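Let's take a walk through a protein model together. Have a look at the sequence and the structure below, and then we will start with a single residue.

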Amino acid sequence: MKFTGTENYVATQDLMLSVNAAITLQRPLLVKGEPGTGKTLLAEEVAGALGMPLLQWHIKSTTKAQQGLYEYDAVSRLRDSQLSDIEGGERVRDINNYIVKGVLWQAFTAEQPVALLIDEIDKADIEFPNDLLREIDRMEFYCYETRELIRAKYRPLVFITSNNEKELPDAFLRRCFFHYIKFPDAATMQRIVDVHFPGLKSELVSAAMKTFFAVRGLPGLKKKPSTSELLDWLKLLLAEDIPLEALHSKDESTAVPPLIGALLKNEQDVTLFEKLMFMQRHNR
């Protein structure tokens, strides 16, 4: 299996090499990068390109590693045992009816190779990655309630994303192949825009991207806009039929370009950008 990119996802050469290296090594691919750089979408596109079903596990701050394996619903079993009569006790006697299979169980027992996305692993507590080490490494785990060993029929292609909210343990990192998605340069960003908005007027794209990179380059910005936010902004500019002139108006009463709220998400950043625009106009 080789990933060579898709029509809907602009993958750089080093990213494609990393995906294929993870496939060759049969190790999870740990993907880091700024929010909005396509980490989650990568797993979806690779799975689609390779013809593999995709199982997704979106991690929250309260997520425990055990939930990825299975959960035993003892409360439901107790309730059913209290409510069932003599003829309706069959369900209660079979403990399998109260085992909730997690995504790792589903991936291990799938009838064909699958892709597995563990999204934003850094949201969980620090012990979460270590708790998954053995299962991901050995591709098996034991279910004590049913007394069975769940062993992977096929090794799934595992994608793990992180936004760097927490450092991941060294032991976990040793078992992964790592790739950092760099923020796209202007040429790559142009390709991304072309994929999402084919045939868009080059003048509009050029003006929008000039503003976008000016915002990202503003020193002291609390939150830099991401690729996905640029695409949202372009979508709004088209939907509202904003004229090209509005993006580089010389009218000083227009402090910022229209719909800039798609890029700037707090008042401090808006104020900084207004100052930048004011300085640029008065330096012409």
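Begin at Asp137, which is partly exposed, with a relative accessible area of 36%. Keep in mind as you look around that this model is predicted. What does Asp137 form with Arg175? The two make a salt bridge, and their closest N and O atoms are 3.4 Å apart. Because Asp137 sits in helix α7 while Arg175 belongs to the loop between α8 (170–174) and β9 (177–181), this pair ties together parts that lie 38 residues apart in sequence. Arg175, like many residues you will click on, has a label of its own: with a relative accessible area of 29%, Arg175 is partly exposed.

The structure holds 10 salt bridges, so let's visit a few others. Find Lys64 and Asp125, whose side chains meet in a salt bridge at 3.1 Å, N to O. Here, too, distant parts of the chain are linked: Lys64 is in the loop between β2 and α3, Asp125 is in the loop between β5 and α7, and 61 residues separate them. How exposed are these partners? Lys64 has a relative accessible area of 45% and is partly exposed, and Asp125 also counts as partly exposed, at 29%.

Now move along to Lys223, which forms a salt bridge with Glu229; the closest N and O atoms are 2.8 Å apart. Is Glu229 buried or exposed? At 7% relative accessibility, Glu229 counts as buried, because the cut-off for that label is under 20%. Its partner Lys223 is partly exposed, at 34%. Salt bridges can also share partners, and in this way Arg138, Glu140 and Arg151 are joined into one network.

Next, turn to the nonpolar interior. The largest nonpolar core has 33 residues, and those touching the most other members are Phe108, Ile118, Phe128, Leu132 and Ile160. Several elements give two or more residues to this core, including β2 (54–58), α6 (103–109), α7 (127–138) and β8 (157–162). Which element provides the largest share? That is α6, with 5 residues.

To get a feel for the packing, pick Leu132. Leaving aside residues up to four places away in sequence, Leu132 touches Trp57, Ala65, Leu104 and Ile118. There is also a second, separate core of 28 residues, and among its members are Leu230, Leu231, Leu234 and Val256.

Definitions and conventions:
Residues numbered from 1 in each chain as written. Predicted model: local features only at pLDDT ≥ 70, side-chain atom pairs only at ≥ 80, totals over all residues. Heavy atoms only, no water. Core = buried A, V, L, I, M, F, W, Y, C linked by side-chain atoms within 4.5 Å. Buried < 20%, exposed > 50% of the residue type's maximum accessible area, 1.4 Å probe, protein only. Helix = DSSP H or I, 4+ residues; strand = E, 2+ residues; numbered from the N terminus. Contact = heavy atoms within 4.5 Å. Salt bridge = Lys/Arg side-chain N within 4 Å of Asp/Glu carboxyl O.
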